[in-house]
Amino acid sequence: MSDNDTSLPERPKKQQFPDRANDVSTLLNAVQGLLIPFIRAADEDATAKETGHGLSKSGGGPRTALVEYHKPQKLTQLLDPQLPDTGIGKDGFLRLVEKVLQYSVNTWDQGFMQKLYASTDAPGVASELILSVLNTNLHVYDASPALTIIEKATTKALASLFGLTGPHAGGISVQGGSASNTTSIEIARNTLYPSTKTSGIHSSPHSFILFTSAHARYSIEQAAQMLGFGSDAVWSVPTSPKTGRMDPSALTSLISKA
């Protein structure tokens, strides 16, 4: 080709974009094939609940769908948990999920009666999936506008059940009772004694006492430790043997003593 000849510029290579939607669809379909039989096992086992033995374990006696129980040492051998240096791929992931399901408590079973929570249901599973896909956080409105509005509406409705209907009624959602109690105590302290927010409780001239029911959750004392009050600052108030409610006269007496 002579110097006078002109050549066409090379076409840029077509950029490859990830097909994450298809990846999610493929993996969810595969995982669903493991989850549905797990749930169905609890449904089918319900027909044999009067005997308590709906299933059988290879090499062992009859059992329910609730759990295939093993002692920690044995379960460690069965699971053989490891952190691989490289990815295990889809097939390896599914094998791991299958193993986790096999040795986990089936909370869909009618015999599951844990003290802190109960079984979920179809809307619950769908909600968890939606929240997982959104993968957002309620720390600021800009990051999660829709869920922030929902949180405000929900906490306001819950507050109204306790007769709290003022303009500031409501709150925030947290992950459990310990976080709820700790947050509420912190907010109360900072609101009533603003200087403690920056200077702490030890610079305050006040001697803080937390009055709580004798039936109060352990997390009250835990919160007192975390917030610097100390567990000795938690005073238990006797309750009525009939209603379980805090005894007002006993509370008055303890306040005077403090």
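I started at Lys-90, which sits in helix α3, the run covering residues 89–102. Worth jotting down before going on: this is a predicted model.

**Lys-90 and its contacts**

Is Lys-90 buried or exposed? I get 40% relative accessibility for Lys-90, so I put it down as partly exposed; the partly exposed class runs between the 20% and 50% cut-offs.

Next I asked which residues Lys-90 is in contact with, leaving aside its neighbours within four places in sequence. The list I got is Thr-26, Leu-27 and Ala-30. I also checked the spacing of Lys-90 and Ala-30: they are 60 residues apart in sequence, but 9.0 Å apart in space, C-alpha to C-alpha.

**Helix α1**

Ala-30 sent me to α1, which spans residues 20–45 and has 26 residues. From first C-alpha to last I get 37 Å for α1, close to the 38 Å expected at 1.5 Å a residue. Where does α1 bend? The bend is at Gln-32, and I noted about 30 degrees for it.

Then I went through α1 for buried positions. My list is Ala-30, Val-31, Phe-38, Ile-39, Ala-42 and Asp-45. A reminder to myself on reading such a list: an α-helix has 3.6 residues a turn, so residues three or four places apart point the same way.

**Leu-27 and the nonpolar patch**

Leu-27 turned up among the contacts of Lys-90, and it too lies in helix α1. At 32% relative accessibility I count Leu-27 as partly exposed, because buried would need a value under 20%.

I then looked up the nonpolar surface patch that includes Leu-27. Its other members are Ile-88, Phe-93, Leu-96 and Val-100, and the patch comes to about 390 Å². Which helix gives the most to the nonpolar patch? That is α3, with 3 residues. So Leu-27 has two entries in my notes, because I found it both in contact with Lys-90 and in the patch, where its 32% accessibility makes it partly exposed.

**Stepping back to the whole protein**

I finished with the overall numbers. The protein has 9 helices and 4 strands, and along the sequence I read them as α-β-β-α-α-α-α-α-α-β-α-β-α. Of its 258 residues, 19% are buried. The accessible surface comes to about 19800 Å², and carbon and sulfur atoms hold 57% of that.

Last look-up: contacts between residues at least 6 apart in sequence. Among these, 46% join residues at least 24 apart. The contact of Lys-90 with Ala-30 spans 60 residues of sequence.

Conventions. Residues are numbered from 1 along each chain as its sequence is written. This is a predicted model: local features need pLDDT of at least 70, side-chain atom pairs count only at pLDDT 80 or more; totals for chains, interfaces and linings use all residues. Side-chain values use heavy atoms; hydrogens and water are left out. Helices (H or I, at least four residues) and strands (E, at least two) are DSSP runs, numbered from the N terminus. The expected span of a helix is 1.5 Å times one less than its number of residues. The bend at a residue is the angle between axes fitted to the seven residues ending there and the seven starting there. Buried means under 20% relative accessible area, exposed over 50%, partly exposed in between (1.4 Å probe, protein chains only). Contact means heavy atoms within 4.5 Å. Accessible areas come from the Shrake-Rupley method with a 1.4 Å probe; for residues, only the protein chains shown count as cover. Patches are made of residues with over 30% relative accessible area and no salt bridge: like charges are joined within 9 Å, nonpolar side chains (Val, Leu, Ile, Met, Phe, Trp, Tyr) within 5 Å. A salt bridge is a side-chain nitrogen of Lys or Arg within 4 Å of a carboxyl oxygen of Asp or Glu.
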